[in-house]
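Reader: Hello! I am new to this structure and would love a close look at one part of it. Could you take me through the aromatic rings and what surrounds them?

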Amino acid sequence: ESPHGFSTGYEQLEDMYNQYAQEETVCDFISSLHAGTYAEDGEIVVSGANARAGGSSGTTGGQKFALAFFILGTVGLAVYAAMLHSQLTKGSKAALSRQGGAMA
């Protein structure tokens with residue numbers, strides 16, 4: 001019987017790489033415990049250099065700009081959709097009937 005239940009050859013090499021990967025994962029987890037990123041039970045610790053007292057966090061100027069941009073874009077698209085809906089349901093029926101066409 002061979003050690004660890006493996007025969008000699010490539011199996012040992014593959015298992016060595018697997019063990020190394022597992023050890024690296026465990027070492028990374030232990031390092032994150034020391035850094036305060038994770039608690040011992042694996043929960044994420046929400047604190048650090050960017051955290052402020054009371055649990056609030058600050059936003060950057062870029063984040064504020066992106067938020068304002070997407071809000072204004074959403075409102076603009078909603079207004080445009082309402083305008084298109086209005087044209088399709090009200091004003092264009094008479095024009096289509098005069099042209100002999102039909103709505104899709």
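Author: Happy to help; here is a walk from the whole chain to its aromatic rings, and then to a tyrosine in the loop.

Please keep in mind that this is a predicted model. The chain has 104 residues, and 2% of them count as buried. Its secondary structure consists of two helices and zero strands. The accessible surface comes to about 9,300 Å², with 61% of that belonging to carbon and sulfur atoms.

Now for the rings. How many aromatic pairs are there? The count comes to two. One of them joins Phe-65 and Phe-69: the ring centres are 6.3 Å apart and the planes meet at 20°, so this pair is stacked, as planes under 30 degrees apart are. Both residues sit in helix H2, four residues apart, which is about one turn of the helix. Are these two side chains buried or exposed? Phe-65 counts as exposed because its relative accessibility is 60%, and the cut-off is over 50%. Phe-69 is exposed as well, with a relative accessible area of 51%.

Phe-69 also pairs with Phe-70. Here the ring centres are 5.4 Å apart and the planes stand at 70°, so the pair is edge-to-face, the term for angles over 60 degrees. Phe-70 is exposed, just as Phe-69 is. Put together, Phe-65, Phe-69 and Phe-70 form one aromatic cluster.

Let us move on to the tyrosine. Where is Tyr-38? Tyr-38 lies in the loop between helix H1, residues 10-35, and helix H2, residues 61-99. With 32% relative accessibility, Tyr-38 counts as partly exposed, because that value falls between the 20% and 50% cut-offs. Tyr-38 belongs to a nonpolar patch on the surface, along with Val-26, Phe-29, Ile-30, Ile-44 and Val-46. Together these residues have about 580 Å² of accessible area.

Tyr-38 has a further link, this time to Ser-32 in helix H1. Leaving aside neighbours within four places in sequence, Ser-32 is in contact with Thr-37 and Tyr-38. Ser-32 itself is buried: its relative accessible area is 11%, and buried means under 20%. Finally, you can look from Ser-32 across to Gly-42, which is 10 residues away in sequence and 9.9 Å away in space, C-alpha to C-alpha.

Key
Residues numbered from 1 in each chain as written. Predicted model: local features only at pLDDT ≥ 70, side-chain atom pairs only at ≥ 80, totals over all residues. Heavy atoms only, no water. Buried < 20%, exposed > 50% of the residue type's maximum accessible area, 1.4 Å probe, protein only. Areas by Shrake-Rupley, 256 points an atom, 1.4 Å probe, with all protein chains shown as cover. Patch = residues over 30% accessible without salt bridge, like charges linked within 9 Å, V, L, I, M, F, W, Y side chains within 5 Å. Salt bridge = Lys/Arg side-chain N within 4 Å of Asp/Glu carboxyl O. Phe/Tyr/Trp six-rings, centres within 6.5 Å; stacked < 30°, edge-to-face > 60°. Contact = heavy atoms within 4.5 Å.
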